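Hello! Here are a few friendly notes to read alongside the model. Please keep the 3D view open as you go through the points.

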Amino acid sequence: MITHFISSNSIYTHDGNDYCKNGIKLINEDGSPMTDSAFNLLIKKETSSFIHKSFTNIVILAGAGASVLCTSGKIDARFGKTVFMLAELINDALKQDPNLFTLQELANLCKYNTPVENKGKSATSKLNPSFNLEDFLSDLLSFEKYVSNTDQTKYIQSKDKIFKLIVSNTSYDYDNICLKHAAFINTVSHLVRTPSKLTIVTTNYDTLIEDAADSIGYTVMDGFSFSHRPYFDSDMFEWNLVKDIENIKTREHEYKKNIINLLKLHGSLTWERDANGIRRKEKTDVVNPIMIFPSSNKYMQSYQDPYFELFTKFQELLKRPNTLLITTGFSFADNHISQMIIQAILHNKSLATLISDYNITQSNPNWDKLTELMKQNYQIAFLQASMNSDLTEYLGEYYDN
């Protein structure tokens with residue numbers, strides 16, 4: 001059974017035969033079986049009633065799943081990859097280079113106690129589902145100072161190879177035909193009233209959001225100056241683009257439309273540090289991108305520049321009254337960001353949160369906590385949808401015929 005929408009008083013499901021609301025089979029007004037399109041319209045109506053209110057502040061949180069494209073039930077390797085997919089790629093690559101430690105050898109060295117691969121008779125063993133790349137990398141980095149002199153060079157080369165693989169496998173080119181980021185930005189921006197700006201917060205390193213915005217003529221305020229060689233200045237998020245209207249009596253201003261804020265919490269493939277500070281460059285010109293790699297010590301790294309300013313800004317946005325937060329492709333496994341959101345929900349009674357994902361019945365401590373808060377009538381709803389499938393359609397205007 002697939003669960004499509006959950007709120008404090010409604011659960012919409014489909015078991016392959018019947019469409020149900022709160023466990024009761026749905027039928028059309030004429031008594032005929034409900035169709036896919038009619039059911040989807042009901043979900044859109046529920047979503048519309050949740051998000052189409054007079055919110056003064058709208059924030060989007062896009063996780064790894066927002067870059068993923070699924071075709072015929074499989075993830076298209078040209079675009080987004082899950083953390084588990086990255087682990088599989090790293091495992092295969094390290095085994096192919098005799099000058100590097102394998103992932104299992106590194107795990108043995110740093111005392112990571114979960115086997116990397118499933119142990120079986122097959123010569124092509126698959127990665128162990130219990131293997132957690134973030135936990136492993138934390139152990140790997142913590143153990144580095146204890147590596148023996150004889151293993152030091154090989155150890156460093158193996159670690160560097162892992163990070164290079166993460167960089168190369170999170171760099172995607174925007175494809176306006178396959179991906180729906182542009183349509184999503186355009187749709188959600190229409191919910192915002194000037195002088196407010198839509199804010200998109202992402203944990204992804206890729207440039208899909210800014211490339212999509214550029215393709216439809218949007219201006220992106222990403223915390224960098226408008227200079228020839230852009231440098232990081234967090235005050236840029238507070239600026240707006242306006243022009244005077246020639247009327248001596250009123251002195252009115254007109255705000256530029258199609259402008260969004262973009263906060264990249266974990267860094268970007270286009271950011272690099274030099275002697276003058278943090279610069280934004282073309283991806284092809286960046287040698288050492290500023291990125292928080294997946295590991296359990298992301299919390300500590302977030303207190304460093306520029307991450308601290310970005311996290312502080314995100315937290316401040318969640319505290320603003322009358323705010324709508326929409327998440328897409330974010331599993332709430334990242335405890336630091338998840339706790340920030342949960343605390344905001346608890347303390348900001350006017351914060352409404354729509355959580356969208358390909359699976360809204362998943363379970364982890366933070367997801368379970370959000371479900372519990374929803375049952376306590378906090379403004380939380382769950383929508384089964386993803387960025388590159390049907391999320392944009394559900395967020396569009398609903399017209400009741």
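1. Please start with strand β16, and keep in mind that this is a predicted model. The side chains of T323, L325 and T327 point one way from β16, while L324, I326 and T328 point the other way. Buried or exposed: which word fits these residues? All of them are buried.

2. Now take the strand as a whole, which covers residues 323-328. Since buried means under 20% relative accessible area, and 6 of the 6 residues of β16 are buried, the strand is largely enclosed by the rest of the structure.

3. Next, look at the partners of β16. Strand β5 (residues 57-62) runs parallel to β16, and 6 bridges join the two. Within this pairing, N57 has T323 as its bridge partner.

4. Which way does β16 pair with strand β17 (residues 351-357), parallel or antiparallel? The pairing is parallel, over 6 bridges. Here you can find L324 opposite A352 of β17.

5. Follow the chain on from β16 and you meet helix α10 (residues 335-347), then β17; the three form a right-handed β-α-β unit.

6. Helix α10 also packs against helix α9 (residues 307-319), at an angle of about 25 degrees and with the axes 9 Å apart. Angles under 35 degrees count as roughly parallel, and α9 and α10 are therefore roughly parallel to each other. Their crossing is right-handed.

7. To see this packing in the model, select F311, F314, Q315 and L318 in α9; they meet H336, I337, M340, I341 and A344 in α10.

How values were computed
Residues numbered from 1 in each chain as written. Predicted model: local features only at pLDDT ≥ 70, side-chain atom pairs only at ≥ 80, totals over all residues. Heavy atoms only, no water. Buried < 20%, exposed > 50% of the residue type's maximum accessible area, 1.4 Å probe, protein only. Helix = DSSP H or I, 4+ residues; strand = E, 2+ residues; numbered from the N terminus. Pairing = 2+ DSSP bridges. Right-handed = clockwise from strand over helix to strand, strands pointing away. Axes fitted to C-alpha atoms, helices over the stretch in contact; angles between N-to-C directions. Parallel < 35°, antiparallel > 145°, perpendicular 65-115°, else oblique. Left-handed = near helix turned anticlockwise from the far one by under 90°. Contact = heavy atoms within 4.5 Å.
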